[in-house]
Amino acid sequence: MPDSNLSLNLLEGSVSFRFTPDAAIALRSDIAALLENLKAASARPAQAGRPTPKPAMEYRHTGEVFLEVFCNPNIWPSPFAAKVLITLRDERIRLTTEAELTQLVNDLNEFISSASA
């Protein structure tokens, strides 16, 4: 599948970069596992003691640019409140910022559907 531009809507502004549909599908798969962890944690009633910590999601992709997406599910009360840390870099620039998890999911779904059309 050919590369096309993925646009991510951030908390303030947006960023667009070359990305492959296969990499987007892999990222969406990692996010699906993260969402399951977040949903399980928010559905569990408050109990005495500490809940079992869930592993953080760390996605890395090296292509025309390096993309890293990180989220610690142990600090967010629900999937709707969760934010991800995004690092995007190449040899000239490095951008590190936050995005809402739900917005990232929407952006990926839009990218994948437009790439398959």
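1. A salt bridge here is a side-chain nitrogen of Lys or Arg within 4 Å of a carboxyl oxygen of Asp or Glu. Keep that in mind while looking at R60 and E68: their side chains meet in a salt bridge, with 2.8 Å from N to O. One thing to remember throughout is that this is a predicted model.

2. How many salt bridges does a search of the whole structure find? The search turns up 4. R60 also forms one with E58, where the closest N and O atoms are 2.8 Å apart. So R60 takes part in a bridge to E58 as well as a bridge to E68.

3. Now check how open these partners are. R60 is exposed, with a relative accessible area of 52%. E58 counts as partly exposed, at 43% relative accessibility. E68 is on the other side of the cut-off: its relative accessibility is 16%, and buried means under 20%, so E68 counts as buried.

4. Another bridge to look up is the one between R92 and D90, whose closest N and O atoms are 3.0 Å apart. R92 is exposed at 69% relative accessible area, while D90 counts as partly exposed at 22%. Back with the earlier trio, salt bridges that share partners join E58, R60 and E68 into one network.

5. Next, have a look at H61, which lies in strand 3, residues 57-62. Is H61 buried or exposed? With 18% relative accessibility, H61 counts as buried. Setting aside residues up to four places away in sequence, H61 touches F19, A23, F66 and L67.

6. F66 turns up again with a charged partner. The charged end of R89 sits over the ring of F66, 4.2 Å from the ring's centre.

7. L27 belongs to helix 1, which covers residues 21-43. At 1% relative accessibility, L27 counts as buried. Which residues is L27 in contact with, once its neighbours within four places in sequence are left aside? They are Y59, L67, V69 and L108. Take Y59: L27 and Y59 are 32 residues apart along the chain, yet their C-alpha atoms are separated by 6.7 Å. L67 is worth finding too, since this residue is touched by H61 and is also in contact with L27.

8. On to the rings. A pair of aromatic rings is described by the distance of the centres and the angle of the planes. The count for this model comes to 2 aromatic pairs. In the pair made by F17 and F19, the ring centres are 5.6 Å apart and the planes are at 80 degrees, so the pair is edge-to-face. F17 is buried, with a relative accessible area of 5%, and F19 is buried too, at 2%.

9. F19 also pairs with F111. Why is that pair called tilted? The ring centres are 6.3 Å apart and the planes are at 55 degrees, so the pair is tilted. F19 lies in strand 2 (residues 14-19) and F111 lies in helix 2 (residues 101-116), so the pair ties together parts that are 92 residues apart in sequence. Both F19 and F111 are buried.

10. Put the ring pairs together and F17, F19 and F111 are linked into a cluster. If you select F19 in the viewer, look for H61 as well, because F19 is among the residues that H61, itself buried at 18%, touches.

Conventions
Residues are numbered from 1 along each chain as its sequence is written. This is a predicted model: local features need pLDDT of at least 70, side-chain atom pairs count only at pLDDT 80 or more; totals for chains, interfaces and linings use all residues. Side-chain values use heavy atoms; hydrogens and water are left out. Buried means under 20% relative accessible area, exposed over 50%, partly exposed in between (1.4 Å probe, protein chains only). Helices (H or I, at least four residues) and strands (E, at least two) are DSSP runs, numbered from the N terminus. Contact means heavy atoms within 4.5 Å. Rings of Phe, Tyr and Trp (its six-membered ring) pair if their centres lie within 6.5 Å; planes under 30 degrees apart count as stacked, over 60 as edge-to-face and the rest as tilted. A charge sits over a ring if NZ of Lys or CZ of Arg is within 6 Å of the ring centre and within 35 degrees of the ring normal.
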